[in-house]
2 protein chains.
Amino acid sequence: MAEVLFIGTGACVPSRERSLPCVAVRVKRDVVLFDCGEGSQRQIMVSPFSFMKVKAIFITHLHGDHFLGLPGLLQTMSLSGRKDDIILAGPEGFSDSVRSVLKACGGDIAYNMDIIDASDGDTFVFKEFIVKAFSTEHKVPSLGFALEENERRGEFNKAKAESLGIVPGPDFTKLQNGETVKGIRPEEVIGPSRRGPRIIYSGDTIRCASVVNMAKGAEVLIHEATYLSKDADLAGEHMHSTASDAASVAKEAGVSILFVTHMSNRYDDPSLIENECRKIFPNTVLANDLMLFTVK
Amino acid sequence: MAEVLFIGTGACVPSRERSLPCVAVRVKRDVVLFDCGEGSQRQIMVSPFSFMKVKAIFITHLHGDHFLGLPGLLQTMSLSGRKDDIILAGPEGFSDSVRSVLKACGGDIAYNMDIIDASDGDTFVFKEFIVKAFSTEHKVPSLGFALEENERRGEFNKAKAESLGIVPGPDFTKLQNGETVKGIRPEEVIGPSRRGPRIIYSGDTIRCASVVNMAKGAEVLIHEATYLSKDADLAGEHMHSTASDAASVAKEAGVSILFVTHMSNRYDDPSLIENECRKIFPNTVLANDLMLFTVK
C-alpha cells in the first residue's frame, strides 16, 4: 500500500506556500524520492516520513529547482549516521553534476552512493516495488519515472473453497499460503496474481506519448501543469505542460486519479489550474505541500 | 541605521525550528548576506527583507550548510527579473566552487556576478557601508566579515552655537550642512566625525584573535557557539567555538551586544548556550530564525 507525500509543489522559484519539486513515495518502510528541490530535507523533517528511510532519489532533469536539495540531504543523512547504500539516478549528465556539486561543498558522505545516468527503460528493483525510467520531452535531457508495486496474490474464492469441502479456518490459511489441502490445490481457489498499483511521475515535460503509454491504467498520475491553456504559447516555449495537457494525458491513459503539481507563482489562484483540468478529467487534485495520499 | 535579520540560525543540519546559516544586514535600502545555507531564499520570502535588494553575498567557508542556498537564490533573482550586478565573495576556492555548482544546475543568470576569492583585509565598498574580510580558523579556508557603516557627522553643540549668537532655526541647519553663518564656521560648533556602527560576523571558527581584534568596541558581534563548554573536546576536534569561547571574545573585545548562532541540534535546549554565555558576557542573545535587531 503506497503512500504519496508531496514534499514540494512549486515551480522554478519557491514561495511562502510551496517548496521546490519533490515527491516521496513510501511502500511499507522504504521511501523513494522523485526530484529533490532546495528545501526538501527540511520539508521532510516536518512530514510524517523519515529521510533515513530513503532508498533512492530519482531526478527528472538537471534544472536547479529540481535537484539543488540533493547535496544537502545527502550530507544531512551522513551527519545523521546513515550507513545504508543509496541509489541516485537521473538523466544523462547526472552523475557528473552530482559529483561536481558534492566536491564543491566539501563534507564526506559516509555511505555508499550508486550514482547512475539512467536511460529510457532502465529499471530499479526494490523489495516491494520497481521504478522504471522513461524518456520525456523538456529543454534538457529529461526522464519520468513509474513506480509499480510488486504483484499481489490473486483473490481467494471463499465460496468455491467451501463448495469444495474446505472449512473456513486454518485450512483457508494453508491454501492461501500455497499448500494443497484435502486434494484441493491453491490455484483451484485462488485467482491469477494481480499487478501492484502504479504511480507515474512526469517531471517537467510537454504533453508526450511516453507518459500516456506508461500511465495506461495507472492508479496515480502525478503530472506537471505549469501553465493555463491561455498561456499555451509560453508552455510551448519553455517545454512545459498546460493544465489541459495534463488532464488529457490522464484521460487518454485512463488513470484513476490525477495530481497536478509544479505550480507557477504566475497565477495568484492555483485552483484555476485544477478547474481547467477537471473540465477534461474530473478526478483531478491540485497537489499542495505536505499533502499525503494513500494508494489503495 | 543597520538592521540585522537572522535568516537561518542552525548548524550543519536544519531542523523544524532552524534553517541553515544566513544573516542579512540592511542599511537603508541595501542588503548584504553573510552565508547562504539551503533554504535561505524561502526564509527571506517570509521576512520583511527583499532578496532583490541584495547587493552582495559573503560566504565564510565552503561547507555545504553555509553556501548551498546560493545557487538557488541566484537563479531565483534572475527569474524574478534582476538586472543589477551582484558581488559574491568567499575564501580561497570560492569562485571555482560557485561556477561549478552553477554549471551543474543549468539556468542562465541574467545579471553580472562579480565572483571573488577574498583574503584577509579585502574591503568591499558600498554606498552606506564597507565590508571587510578577515581570516578565521576552521577546518577549511575561512573568513569572517566586518560591516562598518559610513562615518557620521559629529555632534552639533546647540548650546555653544547659541552662546556664539546663532538663533535656533534655519541658521542651525546651515551650520549642520557645512555653511559658515555670521562668521561662525561649522567646525566651531560640530564635533569630530563619528565612526559608524560596526557588526562583526565570525562564521565558523575556533576562538581566535582576529575576531577579537576586528570586534574591538563593535556595536554587534555575531559569533558561532556550536558547543557547550562540557563538549570543548568536540569543539576543538571540529574547530568550532563553545558558548564560553564566544562570550569571552565578546568580553575581551568590549562589544555592545553578542548574538550567538549556529545552534547545534545536539542540545534539546539551546538556552543552555545562552546561559553559559551570560555568565561571562551578560548582554548575550540567542539568535532565532527571523529575529530582527536594529543597531542604534
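The following paragraphs go through a predicted model with chains A and B, beginning with the contact between the chains and ending with residues of unusual backbone conformation.

The two chains meet through 32 residues of chain B, which are in contact with 32 residues of chain A. On the chain B side, the elements that contribute two or more residues are α1 (40-45), α2 (64-67), α3 (70-79) and α4 (94-104). Helix α3(B) supplies the largest share, five residues. By class, the chain B side that touches chain A consists of 14 nonpolar, 15 polar and three charged residues.

Helix α3(B) can be followed further. Eight of its 10 residues are buried, and the helix is mostly covered. The buried residues are B:Leu70, B:Pro71, B:Gly72, B:Leu73, B:Leu74, B:Gln75, B:Thr76 and B:Met77. They pack against elements of both chains: α2 (64-67) of chain A on one hand, and α1, β4 (54-58), α2 and α4 of chain B on the other. Just after α3(B) comes B:Gly81, with a positive phi of about 95°.

The next topic is the nonpolar interior. The largest nonpolar core has 162 residues, and those touching the most other members are A:Ile199, A:Ile200, A:Leu221, B:Ile199, B:Ile200 and B:Leu221. For A:Leu221, leaving aside residues up to four places away in sequence, the residues touched are A:Ile200, A:Ala215, A:Val249, A:Ala250, A:Ala253, A:Val255 and A:Leu258. One of these, A:Ile200, is itself among the core residues that touch the most other members.

Helix packing comes next. In chain A, α10(A) packs with helix α11 (residues 271-280) at an angle of about 35°, and the two axes are 8 Å apart. Their crossing is right-handed. From α10(A), the residues involved are A:Ala243, A:Ser244, A:Ala246, A:Ala247, A:Ser248 and A:Lys251, and they meet A:Ile273, A:Glu276, A:Cys277 and A:Ile280 of α11(A). This contact has six nonpolar, two polar and two charged residues.

Chain B has a pair of helices with these numbers too. Helix α10 (residues 243-253) and helix α11 (residues 271-280) of chain B cross at roughly 35°, their axes coming within 8 Å. The crossing of α10(B) and α11(B) is right-handed. On α10(B) the contact uses B:Ala243, B:Ser244, B:Ala246, B:Ala247, B:Ser248 and B:Lys251, and on α11(B) it uses B:Ile273, B:Glu276, B:Cys277 and B:Ile280. Sorted by class, the contact of α10(B) with α11(B) comprises six nonpolar, two polar and two charged residues.

As to domains, the assignment for chain A gives domain 1 (2-152 + 194-294) and domain 2 (158-189). The C-alpha centres of domain 1 and domain 2 of chain A lie 43 Å apart.

Two residues remain, both picked out by their backbone angles. Most residues other than glycine have a negative phi. A:Met239 is not a glycine, yet has a positive phi of about 55°. A:Met239 sits in the loop between α9 (232-238) and α10 (243-253) of chain A. This residue counts as partly exposed because it has 17 C-beta neighbours inside 10 Å, where a buried residue would need 20 or more. In chain B, B:Leu290 has a positive phi of about 75°, again without being a glycine. B:Leu290 lies in the loop between β13 (284-286) and β14 (292-294) of chain B. With 17 C-beta neighbours inside 10 Å, B:Leu290 is likewise classed as partly exposed.

Notes:
Residues are numbered from 1 along each chain as its sequence is written. Chains are lettered from A and ligands numbered from 1 in the order in which they are written. This is a predicted model: local features need pLDDT of at least 70, side-chain atom pairs count only at pLDDT 80 or more; totals for chains, interfaces and linings use all residues. Two residues are in contact if their C-beta atoms, placed from the backbone, lie within 7 Å. Helices (H or I, at least four residues) and strands (E, at least two) are DSSP runs, numbered from the N terminus. Ala, Val, Leu, Ile, Met, Phe, Trp, Tyr, Cys and Pro count as nonpolar, Asp, Glu, Lys and Arg as charged, and the others, Gly among them, as polar. A nonpolar core is a set of buried Ala, Val, Leu, Ile, Met, Phe, Trp, Tyr and Cys residues joined through C-beta atoms within 7 Å. A residue is buried if 20 or more other C-beta atoms lie within 10 Å of its own, exposed if 12 or fewer, and partly exposed in between; C-beta atoms are placed from the backbone. Domain bounds come from an automatic or database domain assignment. Axes are lines fitted to C-alpha atoms, for helices over the stretch in contact, and angles run from 0 to 180 degrees between N-to-C directions. A crossing is left-handed if the near helix is turned anticlockwise from the far one by less than a right angle, and right-handed if clockwise.
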